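Me: I have a structure open in front of me and would like to learn how to read it. Could you take me through it step by step?

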Amino acid sequence: MALSALRGGIGFLSTLPVGAGPADWDAFRSAPWVFPFVGLLIGLGPVVILLLPLPPMLQPVMAVMVLYLLVGITHLDGLADTLDARAAHHLTTATGRREVMHDHSIGVAAVAAVTLSLVGLIGGYAGLRGVAVPAVIGVVLLAEVLAKTMMALLVCLSAPAHAGLGASLLERAGTDDLWWVALAALPGILIGLAAGAGVAAMMLGVALVITWGIGRASLPFIGGVSGDLLGATNEVVRLATLYTGVIAWTLS
């Protein structure tokens, strides 16, 4: 059962060809603890690139390319849809904003969100140039683990905004799963300590604050948490914790 859930989670959260089928997806829906494990796996991609002796100008770009080769663009698309809905100031209802999120057209806010996210990641990875190897490993892996862990927290604690892929995850998870999510995130947090206890604590704190804010705002925004909002959470938490880690380590 656990292996099936892990295979389902890898198949859902990454592009890795693990041969996940309907039974694996169904097992994953009942196992939000899989999220942090997948984050740890995905984070190895950019870590490897950042540790290779590559040209300084190419290295952070290649790290971002490898990251999205591993995760695909599903979460990035969620960020784009969420920002499009947020930018629709003329809409005053959750239903109207959900319609914008489901619209396949691309708005200026979506373009800006994706551009800033990608450029921001390149800048964050570039900021690790010259940083001690253990700290690079700790910051990059912890940022990815926290991004996935915060998605799991929303899955466990939130109500679905509407029927769909996101709702199929939220309807199976609950507060009883939080202990397992925390336990699964522990290896990533311990690895993050390689950058320093203070750095790891600041990254965790930023991730929790952002997730609390997203969860609190989700009800008036679109009536709950959706798949797009989960994807947006992943992108925002990754970027914010990466920058937190780089800045905190540099100033320590």
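Reply: Happily! Keep in mind that this is a predicted model. Let's begin with one helix, H8, which covers residues 133-157. Its 25 residues reach 36 Å from the first C-alpha to the last, close to the 36 Å expected at 1.5 Å a residue.

Me: How many residues of H8 are buried?

Reply: A residue counts as buried when its relative accessible area is under 20%. In H8, 21 of the 25 residues meet that description, so the helix is largely enclosed by the rest of the structure.

Me: What else is in the chain besides H8? How many helices and how many strands are there?

Reply: The protein chain has twelve helices and zero strands. Read from the N terminus, the order of elements is α-α-α-α-α-α-α-α-α-α-α-α.

Me: How do I judge the overall shape? What is the radius of gyration of the protein chain?

Reply: Set the value beside what a compact globule would give. For 252 residues that would be near 18 Å, and the protein chain has 17 Å, which agrees. You can also look at the C-alpha trace, which spans about 50 × 45 × 35 Å along its principal axes.

Me: What share of the residues is buried across the protein chain?

Reply: Buried residues make up 50% of the 252. For the outside, look at the accessible surface: it comes to about 11,400 Å², with 73% belonging to carbon and sulfur atoms.

Me: And the charges? How many positive and negative side chains are there?

Reply: There are 10 positive and 13 negative side chains, and the centres of the two sets lie 5 Å apart.

Me: How do contacts tell me about the fold? What percentage of them join residues at least 24 apart?

Reply: Here you compare position in sequence with position in space. Among contacts between residues at least 6 apart in sequence, 77% join residues at least 24 apart.

Me: Let's try single residues. Is His 75 buried or exposed?

Reply: His 75 sits in helix H5, residues 74-87. Its relative accessible area is 7%, so His 75 is buried. Not counting residues up to four places away in sequence, His 75 touches Leu 13, Lys 148, Met 151, Gly 231, Ala 232, Asn 234 and Glu 235.

Me: Which residues does Val 236 contact?

Reply: Val 236 belongs to helix H12, residues 227-251. Leaving aside neighbours within four places in sequence, Val 236 is in contact with Leu 79 and Ile 210. Its relative accessible area is 32%, so Val 236 is partly exposed. Now check a distance: Val 236 and Ala 147 are 89 residues apart along the chain, while 7.9 Å separates their C-alpha atoms.

Me: Where is Val 206, and what does it touch?

Reply: Look in helix H11, residues 197-222, for Val 206. With the same exclusion of residues up to four places away, Val 206 touches Ala 240 and Thr 244. Val 206 and Thr 244 are 38 residues apart in sequence, and their C-alpha atoms are 7.7 Å apart in space. At 26% relative accessibility, Val 206 counts as partly exposed.

Me: What about loops? Where do Ala 173 and Gly 174 lie?

Reply: Gly 174 lies in the loop between helix H9 (165-170) and helix H10 (178-192), and Ala 173 is found in the loop between H9 and H10 too. The cut-off of 20% helps here. Ala 173 has 15% relative accessibility, so it counts as buried. Gly 174 has 21%, so it counts as partly exposed.

Me: Which residues does Ala 173 contact?

Reply: Beyond neighbours within four places in sequence, Ala 173 is in contact with Arg 29, Pro 32, Val 155 and Cys 156. For a distance in the other direction, try Ala 173 and Met 57: they are 116 residues apart in sequence and 43 Å apart in space, C-alpha to C-alpha.

Technical notes. Residues are numbered from 1 along each chain as its sequence is written. This is a predicted model: local features need pLDDT of at least 70, side-chain atom pairs count only at pLDDT 80 or more; totals for chains, interfaces and linings use all residues. Side-chain values use heavy atoms; hydrogens and water are left out. Helices (H or I, at least four residues) and strands (E, at least two) are DSSP runs, numbered from the N terminus. The radius of gyration is taken over C-alpha atoms; the globule rule is 2.2 Å times the number of residues to the power 0.38. Buried means under 20% relative accessible area, exposed over 50%, partly exposed in between (1.4 Å probe, protein chains only). Contact means heavy atoms within 4.5 Å. Accessible areas come from the Shrake-Rupley method with a 1.4 Å probe; for residues, only the protein chains shown count as cover. Lys and Arg count as positive and Asp and Glu as negative; His and the chain ends are not counted. The place of a charge is taken as NZ of Lys, CZ of Arg, CG of Asp or CD of Glu. The expected span of a helix is 1.5 Å times one less than its number of residues.
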